[in-house]
Amino acid sequence: MPSHIDPERNEVRALKSVAEWRDRRVLDVGCGDGRLSLRLARLGALVHGIDPDRKLILKARAALPKRLAGRVRYRVGKAGGLGFPRESFDLVIFSWSF
């Protein structure tokens with residue numbers, strides 16, 4: 001049986017309440033399979049997701065809808081060594097990661 005995470009969309013409502021996402025450059029640290037990255041992109045964010053697990057990044061890329069392909073990028077990476085220039089992002093999300 002597949003699991004359904006947040007079918008009531010409480011997470012999306014919470015995200016909407018804390019920031020304006022439209023056209024914001026967002027780093028999703030520990031993006032996993034891209035579930036939250038996609039939700040942020042649907043809110044209008046330009047998302048760069050990183051995760052140390054190559055298999056999850058491949059899964060995220062495979063599940064990326066074509067209509068969001070210009071808004072979301074994924075790469076293998078760790079929070080300890082991001083490698084992005086200063087001020088690359090407006091917002092950073094670090095959720096459901098350890």
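**Exercise 1. The aromatic pair**

How many aromatic pairs does the structure hold? Classify the geometry of the pair formed by F84 and F89.

*Solution.* The structure holds one aromatic pair. Rings of Phe, Tyr and Trp (its six-membered ring) pair if their centres lie within 6.5 Å. Planes under 30 degrees apart count as stacked, over 60 as edge-to-face, and the rest as tilted. The ring centres of F84 and F89 are 4.9 Å apart and their planes stand at 85°, so the pair is edge-to-face.

The model is predicted, so local features need pLDDT of at least 70 and side-chain atom pairs count only at pLDDT 80 or more, while totals for chains, interfaces and linings use all residues. Residues are numbered from 1 along each chain as its sequence is written, and side-chain values use heavy atoms, with hydrogens and water left out.

**Exercise 2. Buried or partly exposed?**

Assign F84, F89, H48 and I50 to a class of accessibility.

*Solution.* Begin with the cut-offs: buried means under 20% relative accessible area, exposed over 50%, and partly exposed in between (1.4 Å probe, protein chains only). F84 has 23%, so it is partly exposed. F89, at 21%, is also partly exposed. H48 has 19% relative accessibility and therefore counts as buried. I50, at 2%, counts as buried.

**Exercise 3. Two residues of strand β2**

Find where H48 and I50 lie, and list what each one touches.

*Solution.* Helices (H or I, at least four residues) and strands (E, at least two) are DSSP runs, numbered from the N terminus. H48 sits in strand β2, residues 46–51, and I50 lies in β2 as well. Contact means heavy atoms within 4.5 Å. Leaving aside neighbours within four places in sequence, H48 is in contact with V26, L27, D28, R73, R75, F84 and F89. With residues up to four places away not counted, I50 touches, among others, L27, D28, R75 and F84. I50 and L27 are 23 residues apart along the chain, and their C-alpha atoms are separated by 7.7 Å.

**Exercise 4. Helix α2 and the core**

How many of the eight residues of α2 are buried, and which elements cover them?

*Solution.* Six of the eight residues of α2 (35–42) are buried: L36, S37, L38, R39, L40 and A41. Their cover includes α1 (10–18), β1 (25–29), β2, α3 (54–63), β3 (72–76) and β4 (91–94). After α2 comes G44, whose phi is positive, near 105°.

Next, take the nonpolar core, a set of buried Ala, Val, Leu, Ile, Met, Phe, Trp, Tyr and Cys residues joined through side-chain atoms within 4.5 Å. In the largest one, of 20 residues, W21, V26, L40 and Y74 touch the most other members. Two or more residues come from each of α1, α2, α3, β3 and β4. The most come from α2, which gives four.

**Exercise 5. Strands β1 and β4**

In which direction do β1 and β4 run relative to each other, and which residue of β4 is the bridge partner of V29?

*Solution.* Two strands pair if DSSP finds at least two bridges between them. Four bridges join β1 to β4, and the two run parallel. The partner of V29 in β4 is F94. On β4, L91 and I93 form the covered face, while V92 and F94 form the uncovered one. The contacts of V26 include L91 and I93.
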